[in-house]
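Please walk through this model with the structure open beside the text. The account starts with the overall fold and then turns to charged pairs, enclosed space and backbone geometry.

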Amino acid sequence: VAEEMVLLESYAMKTRDRRYREIASQYLQLPDTLPSSVRKLTNSLLEEEMTPYQKACAIADWLEENCSYSLTPEEPPADRDFVEWFLETREGYCTYYASAMTVMARCAGIPARYVSGFGLRETELKDWYYVSEATGHAWAELYFSGIGWVTFDALGWSTENKNLRPEPLVRQ
């Protein structure tokens with residue numbers, strides 16, 4: 001898939017994306033209070049010349065390889081930036097990963113948005129799906145010129161994740 005995206009990106013770079021300017025104006029914004037350590041870490045991951053897609057993969061790979069998933073991470077102090085805290089402690093759940101991916105992508109000049117929703121898990125009943133708080137998840141979507149929004153999830157999450165605790169299915 002990565003090779004195909006790199007090829008697609010090379011073709012897309014030759015076209016004009018009429019929506020890119022509008023999307024970039026909204027989805028590249030970062031707070032003035034963003035700690036410089038977040039930008040420094042992002043820049044250190046992207047020292048080689050890379051396409052936007054390769055940059056996004058480098059960020060996602062770093063998060064996957066250097067951070068640990070936990071449903072009970074230490075609470076970030078009120079006076080600390082949430083993403084900076086996660087990048088220092090390197091422990092958190094999907095909200096932490098998705099926030100870091102979104103902010104770091106924006107630091108790299110890639111329009112990005114934080115997304116949350118629910119996964120659908122099949123049940124033994126035809127056309128019935130299991131959805132609960134346990135199937136809630138957060139991820140990032142990054143916009144690539146000429147391509148559109150692409151999902152990035154450094155956790156590689158799915159509804160089959162062993163951390164999900166299904167509740168019994170009840171018919172009403």
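**Fold, charge pairs and spaces**

The protein chain holds six helices and seven strands. The model is a predicted one. Read from the N terminus, the elements follow the order α-α-α-α-β-α-β-α-β-β-β-β-β. Along the principal axes, the C-alpha atoms fill a box of roughly 55 × 40 × 25 Å. The protein chain has 172 residues, and 42% of them count as buried. If contacts in the protein chain are restricted to residues at least 6 apart in sequence, 60% of them join residues at least 24 apart.

Charged side chains come next. Side chains of opposite charge can pair when their charged atoms come close. How many salt bridges does a search of the whole structure find? The search finds four.

One of these salt bridges joins the side chains of E84 and R80, with an N to O distance of 3.5 Å. The two side chains are also joined by a polar contact of 3.5 Å. E84 sits in helix α5, which covers residues 82-89. Is E84 buried or exposed? Its relative accessible area is 15%, and because buried means under 20%, E84 counts as buried. R80, at 26%, is partly exposed. Leaving aside residues up to four places away in sequence, E84 touches P35, S37 and V38.

A second salt bridge pairs E141 with R113, and here the closest N and O atoms are 2.7 Å apart. E141 belongs to strand β6 (residues 136-144) and R113 to strand β3 (residues 112-118), so this pair ties together parts that are 28 residues apart in sequence. E141 is buried, at 14% relative accessibility, whereas R113 is partly exposed, at 25%.

The side chains of K126 and D127 also meet in a salt bridge, at 3.7 Å from N to O. Both K126 and D127 are exposed. Elsewhere, R80, E84 and E88 are joined into one network by salt bridges that share partners. E84, described above for its salt bridge with R80, is thus a member of that network together with E88.

The next topic is enclosed space. A search of the whole structure for cavities of 30 Å³ or more finds one. The largest cavity contains about 30 Å³ of space. Which residues line the largest cavity? They are Y97, A98, M101, A138, W139, A140, F152, D153 and A154. Two elements, α6 (94-107) and β6, each give two or more residues to this lining. By class, the lining of the largest cavity has eight nonpolar residues, no polar ones and one charged residue. Strand β6 has already appeared as the strand that holds E141.

Open space is represented here by the second largest pocket, which holds about 170 Å³. Its lining has 13 residues, and Y53, A60, T151, F152 and D153 are those that lie nearest the centre of the pocket. The elements giving two or more residues to the lining of this pocket are α4 (52-66) and β7 (148-152). Of these, α4 gives the most, with five residues. The lining of the second largest pocket divides into eight nonpolar, two polar and three charged residues. F152 and D153 are named among the residues nearest the centre of the second largest pocket, and F152 and D153 also line the largest cavity.

The last topic is the backbone. Most residues other than glycine have a negative phi, and most peptide bonds are trans. Where does R90 lie? R90 is in the loop between α5 and β2 (91-92). R90 is not a glycine, yet its phi is positive, at about 60°. With a relative accessibility of 34%, R90 counts as partly exposed.

D127 likewise has a positive phi, of about 65°, although D127 is not a glycine. This residue lies in the loop between β4 (121-122) and β5 (129-130). D127 counts as exposed because its relative accessibility is 61%, and exposed means over 50%. D127 is also the residue whose side chain meets that of K126 in a salt bridge.

How values were computed:
Residues numbered from 1 in each chain as written. Predicted model: local features only at pLDDT ≥ 70, side-chain atom pairs only at ≥ 80, totals over all residues. Heavy atoms only, no water. Helix = DSSP H or I, 4+ residues; strand = E, 2+ residues; numbered from the N terminus. Polar contact = N/O pair within 3.5 Å; in protein donor to acceptor, adjacent residues only side chain to side chain. Contact = heavy atoms within 4.5 Å. Buried < 20%, exposed > 50% of the residue type's maximum accessible area, 1.4 Å probe, protein only. 1 Å grid on protein atoms, 1.4 Å probe; cavity = no way out; pocket = protein on both sides within 12 Å on 5 of 7 lines; lining within 4 Å. Points joined across faces, edges and corners; volume = space filled by probe spheres on them. Nonpolar A, V, L, I, M, F, W, Y, C, P; charged D, E, K, R; others polar.
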